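Here are a few exercises to work through with the model open in your viewer. Try each task before you read its solution.

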Amino acid sequence: MKDRKVTLCTFEDIEEAEPRWIWRPYIPANCATLLFGAGGVGKSYIALDIAARVSTGAPFPFEPADTPDRPPQTVLLLSAEDHPATVIKPRLLRLGADTSRIYWPSRPFILDRAGMRLLQSLVEDCGATFVIVDPLVHYMGGKIDINRMNEVRELLGEIQQEAMSADRAVLLLHHKRKGSGEFSIGQEMAAGSADMVNAVRSALFAQRYEDGTCVLEHVKSNHGEIGQLLSYRISDEGLEWIGAFDAALLASMRRKQGRALTLLRSLLASGPRPADEVLEAMAQEGLSRSTVYRVKPLVAVSERVAREDGRMVWVWRLREESG
């Protein structure tokens with residue numbers, strides 16, 4: 001029996017349209033976007049900054065000069081990790097949000113079939129045109145394996161289709177792949193299956209480097225241009241957008257950290273070594289302590305051991321999964 005809900009049309013009947021944006025060219029207005037990075041790089045703060053600007057119609061950092069003004073819009077924020085009263089609202093107020101336009105469900109839920117219907121209902125109830133899911137893995141529940149392409153594609157494909165059909169933007173926050181360093185290619189650093197990035201239409205990678213510099217990199221765009229690298233700072237005062245970041249400098253940082261990671265693995269391959277000895281060997285190769293400490297958690301762990309003279313010293317050894 002034919003499904004009468006499905007109809008056909010030719011592309012002659014489809015009117016061509018220009019892409020619309022939440023933040024041009026980083027976040028399309030009717031698609032799913034992935035924002036991913038390691039813990040502590042400010043992903044949630046970035047998402048709240050975007051929500052605050054959407055709620056007031058304020059301009060976004062470093063948008064093209066010909067970007068049209070936008071009216072204030074409504075946001076639905078799904079946040080499972082930060083407390084709404086002690087963390088989220090103070091940040092929103094600090095960012096200048098219109099909190100009357102930002103809605104928060106009273107409890108988290110899983111984005112299974114019933115959860116997707118609930119999400120649609122919540123969005124319709126508040127009239128949200130922008131939805132934030134922070135973090136995505138919490139709302140995926142325990143039945144979806146993020147390393148399985150078919151399971152990831154089914155969920156993210158449904159989220160993407162919902163965003164397109166309902167003409168709303170969805171921002172999904174996600175983690176960085178364990179054991180990957182900042183020197184890797186951005187798309188490859190999202191945790192789980194490659195479809196975590198492939199299934200969305202835009203992807204942003206937030207990262208922090210050895211000198212504390214934070215960089216937002218636009219690593220995927222199905223709507224045209226890739227946006228410039230942006231640097232930002234997270235402090236007690238909040239989130240500050242600093243400006244464009246030099247792509248050549250980013251590449252240099254990645255090469256340096258990649259070299260440090262390779263050398264660290266080599267130094268510890270034969271067994272644990274005193275931390276001072278490792279740092280001295282790295283310094284002889286022109287690698288700073290800050291660079292070494294940035295890559296160390298990826299492959300090595302520290303432990304205190306007693307020397308023959310009874311003095312306690314720190315030694316480093318390879319992680320079991322790296323060794």
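F205 is buried, its relative accessible area being 0%. Keep in mind that this is a predicted model.

**Exercise 1.** Find out how the rings of F36 and F205 are arranged and which parts of the chain they join.

*Solution.* Start with burial: F36 has a relative accessibility of 0%, so F36 counts as buried too. Next, look at the geometry. The ring centres of F36 and F205 are 5.0 Å apart and the planes meet at 25°; planes under 30 degrees apart count as stacked, so this pair is stacked. Finally, place the two residues: F36 belongs to strand β3 (residues 32-37) and F205 to strand β8 (residues 202-208), so the pair ties together parts that are 169 residues apart in sequence.

**Exercise 2.** Classify the aromatic pair of Y293 and W316, then work out whether each residue is buried or exposed.

*Solution.* The centres lie 5.6 Å apart with 80° between the planes, and the pair is edge-to-face. Y293 sits in helix α9 and W316 in strand β14, 23 residues apart. Now compare each residue with the cut-offs, under 20% for buried and over 50% for exposed. Y293, at 41%, is partly exposed, while W316, at 2%, counts as buried. One more neighbour deserves a look: the charged end of K296 sits over the ring of W316, 5.2 Å from its centre.

**Exercise 3.** Describe the sheet that contains β14, and say which strands stand at its edges.

*Solution.* Begin with the order: 3 strands form an open sheet, β12-β14-β13, with antiparallel pairing. β12 (273-274) and β13 (300-306) each have a single partner strand, so one side of each has no neighbour in the sheet. β13 and β14 (residues 312-318) are joined by 7 bridges, and V305 stands opposite V313 in β14. Then add the helices. Helix α7 (residues 247-268) packs on the sheet and touches β12, β13 and β14, its direction making about 110° with that of β14. Helix α9 (residues 289-299) lies across β13 and β14, at about 90° to β13.

**Exercise 4.** Which residues touch the most other members of the largest nonpolar core?

*Solution.* The core has 36 residues, and the answer is I50, F130 and L216. Helix α1 (residues 43-56) supplies the largest share, 8 residues. Leaving aside residues up to four places away in sequence, I50 touches I22, W23, I27, F60, F130 and L171. Two of these partners, W23 and F60, form one aromatic cluster with Y26, Y232 and W241. The charged end of R53 sits over the ring of F60, 5.9 Å from its centre.

Key. Residues are numbered from 1 along each chain as its sequence is written. This is a predicted model: local features need pLDDT of at least 70, side-chain atom pairs count only at pLDDT 80 or more; totals for chains, interfaces and linings use all residues. Side-chain values use heavy atoms; hydrogens and water are left out. Two strands pair if DSSP finds at least two bridges between them. Helices (H or I, at least four residues) and strands (E, at least two) are DSSP runs, numbered from the N terminus. Contact means heavy atoms within 4.5 Å. Axes are lines fitted to C-alpha atoms, for helices over the stretch in contact, and angles run from 0 to 180 degrees between N-to-C directions. A nonpolar core is a set of buried Ala, Val, Leu, Ile, Met, Phe, Trp, Tyr and Cys residues joined through side-chain atoms within 4.5 Å. Buried means under 20% relative accessible area, exposed over 50%, partly exposed in between (1.4 Å probe, protein chains only). Rings of Phe, Tyr and Trp (its six-membered ring) pair if their centres lie within 6.5 Å; planes under 30 degrees apart count as stacked, over 60 as edge-to-face and the rest as tilted. A charge sits over a ring if NZ of Lys or CZ of Arg is within 6 Å of the ring centre and within 35 degrees of the ring normal.
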